[in-house]
Amino acid sequence: MQNEVVSREEWLEARRALLAKEKEATRLRDSVNAARLALPWVKVDKDYVFETPQGRKSLADLFDGRSQLLIYHFMLGPDWDAGCTGCSFLSDHVDGALPHLNHHDVTWVAVSRAPLDKIAAYKQRMGWQFPWVSSFGSDFNFDYHVSFSPEDLAKDKVFYNFTPMQPADANDELPGLSAFYRNDKDEVFHTYSSYARGPEELIGTLMILDRAPKGRNEDSTMNFVRRHDEYEEAAKAPSCCH
């Protein structure tokens with residue numbers, strides 16, 4: 001497959017038309033970001049406890065002395081053998097951002113319902129450094145609508161991405177991102193959550209692919225993605241003869 005081939009002058013005209021749309025998208029993103037910052041907050045009154053390598057911690061403890069906390073709801077259930085491929089793809093982009101986030105008063109933590117030993121084993125396999133804790137035995141994942149019990153999935157609808165959806169389209173674990181703020185009184189507020197494709201902009205590889213000639217080159221959303229240790233070496237340099 002090849003796009004239409006035109007003169008440099010015709011290409012420049014088309015590129016300028018696209019530039020106008022890109023600028024419009026940038027302005028819209030700025031507007032959305034401002035609206036996100038203006039969202040009202042909800043005080044977190046429930047006591048959540050997480051299992052961490054340093055022992056049991058509260059939600060306030062997870063801030064690690066900072067005022068802002070981003071929690072990535074990583075799909076790794078108690079009986080799963082490995083983490084979700086899509087969550088793993090996103091998480092490949094986190095470690096490099098950690099120094100910048102931490103020095104800008106933001107703590108990043110991944111949370112899963114899998115027990116801590118299973119999280120530690122998968123984290124070691126992937127070679128990640130970011131904090132990752134277990135909410136096993138807590139209501140946290142259920143309250144933030146990223147985990148669903150067999151009873152939930154047996155109902156007519158489940159609530160995900162702020163919308164009732166068919167249980168057949170759901171899973172026992174689903175992805176998401178939630179933001180929290182802690183004030184000087186150690187009060188914690190839920191400020192934002194995003195689900196499904198909402199956190200997609202965190203995946204830098206996708207943003208790079210969007211600028212490549214073939215784009216994401218996918219048949220369905222991220223169907224080309226594998227865990228980074230599962231790609232075949234032969235796929236790195238395809239031959240023009242095949």
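By class, 26 nonpolar, seven polar and eight charged residues make up the lining of the largest pocket in this predicted model. The space in that pocket comes to about 1600 Å³, and its lining counts 41 residues in total. The points below take up this pocket and then helix α4, which spans residues 116-126.

**The largest pocket**

- Among the residues that line the largest pocket, R29, N33, R36, E201 and L202 are those that lie nearest its centre.
- The greatest contribution to the lining of the largest pocket comes from α1, which supplies 13 residues.
- The elements that each provide at least two residues of this lining are the helix α1 (8-37) and the strands β4 (68-73), β5 (106-112), β9 (176-182) and β10 (188-195).

**Helix α4 and its two faces**

- Within α4, the residues I119, Y122, K123 and M126 are buried, and they sit on the same side of the helix because the arc they cover around the axis is only 105°.
- On the face of α4 that is turned away from this buried side, the residues D117 and Q124 are exposed.

**Surroundings of α4**

- The buried residues of α4 pack against α2 (85-91), against β5 and against β6 (132-134); of these elements, β5 also supplies at least two residues to the lining of the largest pocket.
- After α4 comes G127, a residue whose phi is positive, with a value near 75°.

Notes: Residues numbered from 1 in each chain as written. Predicted model: local features only at pLDDT ≥ 70, side-chain atom pairs only at ≥ 80, totals over all residues. Heavy atoms only, no water. 1 Å grid on protein atoms, 1.4 Å probe; cavity = no way out; pocket = protein on both sides within 12 Å on 5 of 7 lines; lining within 4 Å. Points joined across faces, edges and corners; volume = space filled by probe spheres on them. Helix = DSSP H or I, 4+ residues; strand = E, 2+ residues; numbered from the N terminus. Nonpolar A, V, L, I, M, F, W, Y, C, P; charged D, E, K, R; others polar. Buried < 20%, exposed > 50% of the residue type's maximum accessible area, 1.4 Å probe, protein only. Arc of directions from axis to C-beta. Contact = heavy atoms within 4.5 Å.
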